[in-house]
Amino acid sequence: MSDYTNYRTGEPLVDAKAPTGPVAERWDTRRFQAKLVNPANRRKHTVIVVGTGLAGGSAGATLAEQGYHVVQFCFQDSPRRAHSVAAQGGINAAKNYRNDGDSVHRLFYDTVKGGDFRARESNVHRLAEISVEIIDQCVAQGVPFAREYGGLLDNRSFGGVQVSRTFYARGQTGQQLLLGAYQALSRQIAAGNVELHARTEMLDLIVVDGKARGIVARDLVTGKTDTYFADAVVLATGGYGNVFYLSTNAMNSNATAIWRAHRRGAYFANPCFTQIHPTCIPRTGDHQSKLTLMSESLRNDGRIWVPKAKGDDRPANRIPEDERDYYLERIYPAFGNLVPRDIASRAAKNVCDEGRGVGPGGQGVYLDFAEAIARMGRKKVEEKYGNLFDMYARITAENPYETPMRIYPAVHYTMGGLWVDYDLQTTIPGLFAIGEANFSDHGANRLGASALMQGLADGYFVLPSTINDYLARNPHTEEIDAGHPAVTEAVAETEDRLNLLLAVDGDRTPDSFHREIGELMWEFCGMARTEQGLREALDRIPRIREEFWRRIKVPGTGEQFNQSLEKANRVVDYLELAELMCLDALHRAESCGGHFREESQTPDGEAARRDEEFSYAAAWEFSATGDAPVLHKEDLVFEYVHPTQRSYA
Amino acid sequence: MKLTLRVWRQQNAEAPGAMATYEVDGISQDMSFLEMLDTLNEELILSGDEPVAFDHDCREGICGACSLVINGDAHGPERTTTCQLHMRSFEDGDTIDVEPWRASAFPVVKDLVVDRSSFDRIIQAGGYISAPTGTAPDAHATPVPKPDADSAFEHAECIGCGACVAACPNGSAMLFTSAKVNHLNVLPQGAPERETRVLDMVATMDDEGFGGCTLTGECATACPKGIPLPSITAMNKEWLRANRKVRR
């Protein structure tokens, strides 16, 4: 047993920025309390924004419109490629355009409950309020949302709610919203208000006199490591799902920016809260590099089943009806195939663990449309799901109109992230985290179509208001000296790390270590977690880390475009983050949302929350690599939505 | 499957490049083309060689990063992105040529990676609607007729991969530019900047060194998102109209 689990509990955390009073007035109150920066003074302030997804792109554009000098970074070749682009389904907003009883309060209520009572009421209410402004903003930018024949916007329903509040652009809502933000950012680049550094990756944070004052970043083309200084730093670098190796995240999405900030003093909250999406295309073999999502909407008409007998390897259409187990319909008759994501994912894992999974390696279940085709006709099914069926056919070379789809759960989103206060400021003054990079709004489980809403709320509306307060209280005084010890130390650490990666010259590739840690995390910190498994993972991770630094092989040099070096450096941080995720999962001896501890379940296998012990956000303070971190608890208070146990049977 | 790959290797923008030949074995038909290249790269790293550099990210056909000319075709034999191309489109024993996008406006960065920032500069020249945050009226204030909204969406689907340029014998960026012009100019929100948008974007496109359009149609054939060829004629009409209007 390593010392790592022997953590200490430090001072509780309090969100000092959130106003009290009626929840519906708190955002107005805070905006009025926040100090402002005179428009003429704004151009004297430089703000660094790292990332150009929905949160970063919208924040960079808006801060530049306000008059700040923005220096923005993305590791992709263009800001338009940030992974927000891949979001399919839609974006929620409490517009009540359908006159179906929706309201800001209902969206607030659904989101707190959907998060299994592990999110802050103040933040979630603000999110619901802002949701309506987001749609207005995006339409004004020319985002081509789906419309009806009368020319008004169309809506659809999503899981876990009883109203139609999801705005969408076919299956490419994320792409269209991202292009809106990218275009707004492009306008500011052309105007000279945003200085963009593409193909440049943040590798460390520079903290001077306790405040975030810049970053260390590497030009991925030349390999040159450089420093950039500012009056505040905003991280919009997304989630850390790629710690699992296989996920629906883009290949290059990574945790380095937030992990390096964590090492510099930013607390990391609820790292074990990960969302595993039930309907993804299963892996086909060891060569698999990533997983592809199939929209949740398919569960409206598809029926999920596996053979009743173990090891039944007959083709699906040769298995008679009475030898099939429609297990979701059997276990959860009230909700059937439309149970929430976490329930559906765990049930699929259980039947596969029993040896009843289908397809290569037995890691899959059927999603069958035969009944829907018989009921509605093939044409109707084509109309509703045609593009998804085509995508499935392209990847698997199977025709889902004739044989059932095979699906399996996959890591999709991380609710945890850097701890932030109501102003979205981390525990390092001057360092802000927005979008998926922070932990704030989704609790232990995110509802569908809420990630886009949160990214744009943070970037367009929340951060541009709250950062004023920090900058007004910390007026630009003197330039940072490149010779300051805090700067030279951060640069030296980064360069030493890269040089060491190049120098080891071992016999294993960066990908082989990434796959190893990913498989370990999937097994022990995935859909179902146990104390024993988490302890085993915590025992093995330091050994993998030790082996990494002994056997890693990175060809080439640091002074060139070197994708192996980029990858190896990201794996270094996964090997530390994985350990914290397991510790967080171990310490939270309850089940809630996406975090399922087998020891904490109801007699019928549902997640059993333990509010009396765990109604808090767990924010971890870094001490040293492999050393126990310090736990700081932020108590969650529910004044408006009272915690209840979920039931779907 | 066992394959012979002939891959363009080029150390950096200044260095000369050449095709290099590699054998790969044990390739599964279920692999994507990029996973086949991953397999090659794992072997290259272990043998102490530098892996082949290529751009890729989402591997779902939406980010537009991947960009390979395969056997002379941008994105290869299927009408999709390189990342969604699978090895079942090839035969055991095939020899496959893999090259970067070839266009003077897309200089090679390394191996199969090119610099497409010229596309970003075309967008910066006018590929947006000026709507600063906080200024928007209610989303339902201006209804948009469904055919216009659908047309805007059809053009907005462009992923900015650059296959149109790579496929064009002239290295023209007309399809890319017209996709954005038509997306925004058809919408009522885009009307106030309609003329300056098309004039400025076309001027920047020319300045960036893209070739002229002779309507060969290769662009629309290579486009993984199906941006239609008439998009170009629609932009030409917009450009002529804008010129007339501005001159007046």
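**Entry 1: a strand pair in chain A**

I started at Gln72(A), which stands opposite Leu196(A) in β6(A). I am working with a predicted model, where local features need pLDDT of at least 70, side-chain atom pairs count only at pLDDT 80 or more, and totals for chains, interfaces and linings use all residues. Residues are numbered from 1 along each chain as its sequence is written, while chains are lettered from A and ligands numbered from 1 in the order in which they are written.

I then looked up how strand β3 (residues 69-73) of chain A is joined to β6(A): four bridges do it, and the two strands run parallel. For my own reference, strands (E, at least two residues) and helices (H or I, at least four residues) are DSSP runs, numbered from the N terminus. Two strands pair if DSSP finds at least two bridges between them.

**Entry 2: the five-stranded sheet**

I followed the pairing outward and found an open sheet of five strands in chain A, ordered β6-β3-β2-β10-β18, with parallel pairing. β6 (194-197) and β18 (431-433) of chain A are at the edges with a single partner strand each, so one side of each has no neighbour in the sheet. On average, neighbouring strands of this sheet are turned by 20 degrees against each other, direction ignored. Axes here are lines fitted to C-alpha atoms, for helices over the stretch in contact, and angles run from 0 to 180 degrees between N-to-C directions.

Next I checked helices against this sheet. α3(A) lies across β2 (46-50), β3, β6 and β10 (232-235) of chain A, and runs at about 165 degrees to β2(A). Helix α7 (residues 256-263) of chain A packs on the sheet too, touching β2, β10 and β18 of chain A, with its direction at about 130 degrees to that of β10(A). Contact means that the C-beta atoms of two residues, placed from the backbone, lie within 7 Å.

**Entry 3: the three-stranded sheet**

I also noted an open sheet with the order β7-β8-β9 in chain A, paired antiparallel. Its edge strands are β7 (200-208) and β9 (225-229) of chain A, each pairing on one side only. Eight bridges join β7(A) to strand β8 (residues 211-219) of chain A, and Val208(A) has Lys211(A) as its bridge partner in β8(A).

**Entry 4: where the chains meet**

I looked up the contact between chains A and B: 63 residues come from chain A and 66 residues from chain B. Which helix gives the largest share of the chain A side? That is α6(A), with nine residues. The chain A side divides into 24 nonpolar, 25 polar and 14 charged residues. Ala, Val, Leu, Ile, Met, Phe, Trp, Tyr, Cys and Pro count as nonpolar, Asp, Glu, Lys and Arg as charged, and the others, Gly among them, as polar.

**Entry 5: two elements of chain B**

Is helix α5 (residues 174-185) of chain B enclosed or in the open? Twelve of its twelve residues are buried, so α5(B) is largely enclosed by the rest of the structure. Buried means 20 or more other C-beta atoms within 10 Å of the residue's own; exposed means 12 or fewer, and partly exposed is in between, with C-beta atoms placed from the backbone. Among what covers α5(B) are α2 (117-124) and α8 (230-247) of chain B.

I finished with strand β2 (residues 18-24) of chain B, where zero of the seven residues are buried, so the strand lies largely in the open. Seven bridges join strand β1 (residues 3-9) of chain B to β2(B), running antiparallel, and Val7(B) has Ala20(B) as its bridge partner.
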